[in-house]
Amino acid sequence: MASKANHHPSAARQRFGSDWRAGRITAWLTTVDHKRVGLLYIWTTLGFFAVGGVLALLMRAQLATPNENFLTRGSYNQVLTIHGTTMIFLVIVPILAGFGNFLVPLMIGARDMAFPRLNALSYWLFLLGGIVLLSSFWAGHGAAQGGWTSYVPLSTLHMPGHGEDFWILGLHILSISSLVGAINFIVTIHNMRTSGMTWTRIPLFIWAILTYAWLLVIVLPTLSAGLTMMLLDRQWGTHFFDPVHGGSPILYQHVFWFFGHPEVYIMILPAMGIISEIIPVFARKPIFGYKAVAYSTVGIAFFSLLVWAHHMFSTGLPVGLDSFFMLSSMVIAVPTGVKIFNWLATLWRGNISFDTPMLWSLGFIGVFTLGGLSGIFLAAFPIDWQLTDTYFVVAHLHYVLFGGSMFAVFAGLYYWWPKMFGRLLDERLGKLHFALVLIGFNVTFLPQHFLGLLGMPRRVYTYRPGGIWEVYNVISTVGSFLMAVGMLVFVLNVVITARSGRRASNDPWLADTLEWYTTSPPPAWNFDRLPYISNARPLRDVRRRLEAERWK
Amino acid sequence: MTRGSIFKLFAYAVVAGAITTAVAVFIPWLPTAATRQADRMWFSIWFAEIIAIVVFAVVAAALIYCVVEFRVKPGDTSDGPPTHGHTMLEIIWTAIPTVIVIAITIVAAIVIHDNGKAGTNPLVIKVVTQQFTYQFEYPNGKTFNILRLPKDRNVKLDLSSKDVIHSFWVPAFGQKTDAVPGITTSIVITPTRTGYYPIICTQLCGLGHALMRSEAIVLESTEYDSWYASAGEAPAAAAGGTDGKSVYTAAGCGACHVFTAGGSAGTIGSSLDNLSVDAAKAGEELNDFIRSSITDPDTFLAPGYAKGVMPSTYKSSISGAQLDSLVQYLAENTK
C-alpha cells in the first residue's frame, strides 16, 4: 500500500525531495509505483518488439526468392527460434502485463498493486530474462536453433553449444517474473477494489487480467519443470527425453503444450479485454451481455487447459484420445464466438466514431475472426494431419497473435496513451499506421495459408524454384516490409507528439471506467477521492451527475 | 429492424460470402488428391470451408453494416440506446456454433475412422528416417531411398527415426505423421493416381531440415510388380549388400554431401570430392581419415562446420564389411 506521505504531494516532496532516488533516472530505476513499472514494461517490450520484427524481416528477405543466400541455414534456424520466443515471451505476454500494471489499480480504484516491491522485482526479472535470452546469439555455435517449441531430442542430444542453455535459462527467469507478477495481480484484484466495485462491476479488462493471472499460475510451473528436465538432459546426463535410455520425446511435448496452449489464451484474453473496453466507449453504448463476455473469458480459460494434445495430432496418439482433444478444441470456438457476437451487438445501433483505438478494435474483430476460423481447421484432426507444421499454421498463429493480440495492443496504446503520458497521439498518423499495418498484415499472411496447403513446410530456410510458390512468397515478403513502414509511422507519431501532441484532459474519450476519473497522467497516489461504484460504468454516472447539476 | 435493414444486411453477407467463395474456388490452394484417403480429407476440408465462409460472411456483414449505418455525425457525443443484453440472443449464438462444431467433429471422426482402415492384406513398408534422409524398407528386406508404390492397393507405412523427430508428408496423399525416435507410428494410404510426388519433412530436424526431401512414385500395379521382382539390381546396406556405391546411396550420404562420383550434390555437409587434400591437412593417412570421419564425425572437422552436425549413428548402423567397402569406394573416387 502507498505510504501515508504519498497522500499529500507536498509531504511527498518533503520526504523524497533531496533524496538520490528522486533523480531523473534513479527515480525510474528504484520505482515501485505501479504506473512507472507498467510504463517500464511497455517501453521495454516495444524495444523487444523491434528486435523480433527485424528478425522477422530477415526471414522474409531470405524467403523472398528460392535458393536465396541472404541467411545461411544455421543462422536462419537461430533467427526463427529467437523471433518466435521473443515475440511470445518478451513482447505479447509482458506488454499485457505492462497494461495490467498500469491499469489494474487505476481501474479498481486502488492506490497501487498489493505488493509494489514484488511488482518492481517482476519487471527487473523480465528485463534480465530478456537479456539472457537474446545473449544466446553470442554463445558458442550461436543461438538456440530448435524453434520456440524446442522439441526434443533435437534440442537435447543434437544441439551443440550453449545457445540452447541460454534459451532455457532465459525462459526460467521469465517464468519466475511472470509468476510473481501473476500472484500480484490476483491478490490486488481480490483484495483492493474500492467500495462498491463488486465482481459484476469490475471492468471486463480486469476479468481478463485476473483470468490471465490464474492461467499463468496454473501452467508456468509445468513449463519450468519441462525446461529443468531439458537442462538436466543436456548438461547432467539424465534421460528424461532420450528414447535410447527409456525416456520419451512425447513426454516433452505433453509437458510443453500443457503450458503452451493455455499460453495462447494468456496472450489473447487480455487483448480481448482491451477490445471489450474500447468498443463500448466509441459506440457510445454499454457492452452488450457483460456477464456473457465475462463468463466466456473464464470458459475459454477452463477449456484451454483441456486441449493441449491438439498440437500433437501427428505423433500417433490413440484415435480415442485424439477425438477427445478434437472435441474440446472445437468447443473453445463457442465462447470465442460469444465474444465476437457480443461485440457486434454492442456496435449495433451505436453512435460509432472512428478514432484510431476504434479502428484497431474493428480491425481486430475482422482479422481475429479469420484466425479463429482457420483454427477450426487445425482442431479437426484429419485436416490437421494435412496442415500441421506447414505455413498454414504460421499464417493461423500470426492471424491470432499479430492480428489478434498485437492489434489489441495498438488499440490499447492509442486509447490509454493520453492517460499514460498526458498527450494524445496524432490521429492522422495513427490512421496511416493502422492502414499500412492492416494491409501489410493481410498481404503477408493470407498467401501463407495457400503456401501451407500447397506443401510448404514451416521453418525452412529455402525452397525449390518453380510454380506459384514463388509468387506467394514474394507477395508475403512485400507485405512484411509494408508493415515495417507502418511501424516506423508509429515511431514517428510517438516522437512528434512527445513534444507537440495535444494535451489530454482527464477523460478525452468520454469513457466509462475509473482510470479516467483522475488526471492524465495520474499523480503518484492515483486518486484524491473516489465515487461509490454502483454499476460497471462509474464515469458515465459522474458525467451525468455533473450535467444534471449544470442544468439546475 | 426494418425490412430495408434486413435486406441491406443480407446483401452485405452475400457480397462478403461471394468474395470469400471466389478466393476459395479460383485461387489454387489444394493439390490434386492422389489417394483415397486424400479424397475423404478434401471432403472434410471443404465441409469446414463452406461453414467457415458462411460464418465469416455473417460476421463481416454485421461489421460492415454497423460501420456504414451507425457512424456518428460530426460533433455528436450523445449516447446510443442503453441496451445491456438479450438472454435469448445469447442462447442462440451459443447454441448454433455448438451444433456447427459438433457437426464438424462428427465428420472429422468418420473420416479419421475410414482413413485408419488398412484392410486385411496391406503392403507394409518401413520408413526409417534420420538426419536428413528417408529409407524405405520393403517386405523382401530390400531398402531404397525412393518410395515406389502400387496404384489401388492399401499401403501401411511404419515410421521410425534413428535420431530426432522427423515427419513424412506427401501433400497430394493428404496425410502426415511424425517419425518419433523410440516409437513406431503409421499411416495408411491407397494411391489412386500414378505419378511422381515429393516427400517432405515438416518437423524442424536440424540444419538440413529444409532439404530433407524424397520422392514417392506411384506405379500401375503391373509395373510395380515387375519392378519389385527385379529390384534386386539395387541392393542396399540394410539388405547386406556391400558394394561401396550402394552403401553410399543407402546410408543417405548424398543427402548432405557433394560427391561427384556418387552423383550427389547435398550442401549440408562438406564436399567429399577433395578428401586427399583434407586428409593431408589433418596429417592422416587417407583411408584412416575417411574411416574415422564416418564413425566419429567430430574427430576432424572441416573448416566452417560445427561439432555434432553429422549424425554419430553410422558407427552402429553400417556393418564392418560395408564400412570397408564404403571407405574404399570414397578413397578411390575422390581427388
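Mentor: Before we start, helices here are DSSP runs of H or I with at least four residues, strands are runs of E with at least two, and both are numbered from the N terminus. Keep in mind that this is a predicted model.

Trainee: Then let me try that on a record: what are the helix and strand shares over residues 21–119 of chain B?

Mentor: That stretch is 70% helix and 0% strand, and its end C-alpha atoms are 37 Å apart. UniProt, in an unreviewed entry, lists those residues as "domain: Cytochrome oxidase subunit II transmembrane region profile".

Trainee: Which residues of chain B does the "transmembrane region" annotation cover?

Mentor: The unreviewed UniProt entry puts it on residues 9–30, 42–68 and 89–112 of chain B. Check such a label against the model. Residues 9–30 of chain B are 82% helix and 0% strand, with 32 Å between the end C-alpha atoms. Residues 42–68 of chain B come out as 100% helix, and there the ends lie 37 Å apart.

Trainee: Next, surface patches. Which residues make the nonpolar patch of about 610 Å²?

Mentor: Val25(B), Phe26(B), Trp46(B), Ile50(B), Val54(B) and Val58(B) make it. Two elements, helix H1 (3–26) and helix H2 (36–69) of chain B, each give two or more residues to the patch. H2(B) gives the most, namely four. Take Val58(B), which sits in helix H2 of chain B: its relative accessibility is 46%, so Val58(B) counts as partly exposed.

Trainee: On to sheets. How do strands of a sheet pair?

Mentor: Strands pair through backbone hydrogen bonds, either parallel or antiparallel. In chain B, five strands make an open sheet with mixed pairing, in the order E3-E2-E1-E5-E8. Strand E3 (143–144) and strand E8 (185–189) of chain B are its edges, each pairing on one side only.

Trainee: What does E1 of chain B pair with, and in which sense?

Mentor: Strand E1 (residues 123–130) of chain B pairs antiparallel with strand E2 (residues 133–137) of chain B over five bridges. A two-residue hairpin links E1(B) to E2(B). For the register, put Val127(B) opposite Phe136(B), and Val128(B) with its bridge partner Gln135(B). E1(B) also runs parallel to strand E5 (residues 155–161) of chain B, joined by seven bridges; there, Ile125(B) has Leu157(B) as its bridge partner.

Trainee: Is E1(B) mostly covered or mostly exposed?

Mentor: Mostly covered, with six of its eight residues buried. Strand E10 (residues 213–219) of chain B is mostly covered as well: five of its seven residues are buried.

Trainee: Which strands pair with E10(B)?

Mentor: Strand E4 (residues 147–150) of chain B pairs with E10(B) in the parallel sense over four bridges, while strand E9 (residues 195–200) of chain B pairs with E10(B) antiparallel over six. Look at Val218(B) in E10(B): Leu149(B) stands opposite Val218(B), and Gly195(B) has Val218(B) as its bridge partner too.

Trainee: Now charges. What counts as a salt bridge, and how many are there?

Mentor: You want a side-chain nitrogen of Lys or Arg within 4 Å of a carboxyl oxygen of Asp or Glu. Over all chains, the structure holds twelve. One of them joins Lys35(A) to Asp33(A), with 3.2 Å between the closest N and O atoms; both residues are buried.

Trainee: Why are Glu427(A) and Lys431(A) separated by about one helical turn?

Mentor: Because they are four residues apart in helix H15 (residues 427–454) of chain A. Their salt bridge has closest N and O atoms 3.6 Å apart. Glu427(A) is partly exposed at 23% relative accessibility, and Lys431(A) is partly exposed at 35%.

Trainee: Which chains does the salt bridge between Arg540(A) and Asp79(B) join, and what is the distance?

Mentor: Chains A and B, with the closest N and O atoms 2.9 Å apart. The pair runs from Arg540(A) in helix H17 (residues 538–550) of chain A to Asp79(B) in the loop between H2 and helix H3 (87–115) of chain B. Arg540(A) counts as buried at 14% relative accessibility, whereas Asp79(B) is partly exposed at 34%. Shared partners join Arg284(A), Arg540(A) and Asp79(B) into one network.

Notes. Residues numbered from 1 in each chain as written. Chains lettered and ligands numbered in written order. Predicted model: local features only at pLDDT ≥ 70, side-chain atom pairs only at ≥ 80, totals over all residues. Heavy atoms only, no water. Pairing = 2+ DSSP bridges. Patch = residues over 30% accessible without salt bridge, like charges linked within 9 Å, V, L, I, M, F, W, Y side chains within 5 Å. Areas by Shrake-Rupley, 256 points an atom, 1.4 Å probe, with all protein chains shown as cover. Buried < 20%, exposed > 50% of the residue type's maximum accessible area, 1.4 Å probe, protein only. UniProt positions renumbered as here; feature names shortened; annotations may be inferred.
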